[in-house]
Amino acid sequence: MKTLLLFTLAVLCTVAGAAFGQAVPQSMMTEKEALVKSEARSYASLMNAKSKPASDPNIDVKYYKLNITITTAPNYLRGTVTMKAVSSVSNLSSVTLDLMNTMIVDSVKVGATRLAFSQQPTTFTITLNRTYGNGELVTIDIYYRGVPVGDGLRFSSHGGVPWVYTFSQPYGARDWWPCKDHPLDKADSVDIWVTVGISNKVGSNGKLVAVIDNGNGTTTYKWAERYPISTELVSLATTNYAEFTNWFKYTPTDSMPVLNYVLPEHLATAQIDLPKTIDMLRIFSDKYSLYPFVMEKYGHAEFGWTGSALENQTMTSFGFSEEWVLAHELAHQ
Ligand SMILES: [Zn+2]
């Protein structure tokens, strides 16, 4: 609810900002109007979500692990998602998750046991190996693949270099990974392992715990988000990013990294714009409360939604880096 209130305030702030637009250059106004429109859309979706039932009200998701490989010649995504969920009914015998059927589910397992499943246009239903009692934990592995369609994950390029990024708010997660895609059921933690070509970096949520050279021309980025997170804010962005880190010193002895992944051709501009985030973190932390993910990081990953930005948890995705939009997305955090 606190999140929702902040969200509302942020939307109102943007709208208010647009109302005082006379002194603002035209290009900035256009960007602002685009953002205001997208904010209004996502806010309406969020309101709808309250009345929209979750695909499966009988489970409470605790954990996801995404272990996926993304190729761009050809464009393809394949991988495994592990979900740990607790039954909230006395005799759970099936689970329904969200996934567009443009993605193919190959198999579903509990341990070594293969489970029966059936795909519908936007969901798939798994028949469990037995019934699970109220409060009982079930761990399910889903093997899947395909070319995501829709806005959830986009295959793009910059200057001829492949560039892949997500935009999952409000219901785009199901475009590219199987999950209970509803903002009211946050997982307690998520691991996001993404394998890409060796010349790429992958930005995502939480802490970067490992970068593995697989010795075959690919690299695996392993991110760990240990704060609760909704599926719409699970994100990735990958290309040949340039990176730099600034530090937010939040006590005399503690600092948090602000990690930025930007297109190499935009590095000079980004190094002027993005470090302003440190002052914003200090001001917002003083005025409201300490930045909520301080044990992990904050940061930015550039994506191809020009004139837009999305407050992906601990790593905002941005299509432009004006000061006001950086402050806006930080406020969402
Ligand atoms: Zn916003």
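## A hairpin from strands 9 and 10

In this predicted model, strand 9 and strand 10 form a hairpin, with two residues between them. One residue to look for in the turn is Gly159, which has a positive phi of about 50°.

The two arms of this hairpin are easy to find: strand 9 covers residues 153–158, and strand 10 covers residues 161–166. They run antiparallel and are joined by six bridges. If you would like a place to begin tracing the pairing, try His158, whose bridge partner in strand 10 is Val161.

## A sheet of three strands

Next, have a look at an open sheet built from three strands in the order 3-7-6, with antiparallel pairing. Its edges are strand 3 (92–98) and strand 6 (116–119), each of which pairs on one side only. From one strand to the next, the twist averages 20°.

Strand 7, residues 123–132, pairs with strand 3 in the antiparallel sense, and this pairing spans six bridges. Here a handy landmark is Asp98, which stands opposite Thr123 in strand 7. As you follow the strands, keep a general pattern in mind: side chains in a regular strand alternate between the two faces of the sheet.

## The chain as a whole

Stepping back, the protein chain contains six helices and 20 strands. Of its 333 residues, 38% are buried.

How much of the contact set links residues far apart in the sequence? Among contacts in the protein chain with a separation of 6 or more, 64% are between residues 24 or more positions apart.

Key
Residues numbered from 1 in each chain as written. Predicted model: local features only at pLDDT ≥ 70, side-chain atom pairs only at ≥ 80, totals over all residues. Helix = DSSP H or I, 4+ residues; strand = E, 2+ residues; numbered from the N terminus. Buried ≥ 20, exposed ≤ 12 C-beta atoms within 10 Å, placed from the backbone. Contact = placed C-beta atoms within 7 Å. Pairing = 2+ DSSP bridges. Axes fitted to C-alpha atoms, helices over the stretch in contact; angles between N-to-C directions.
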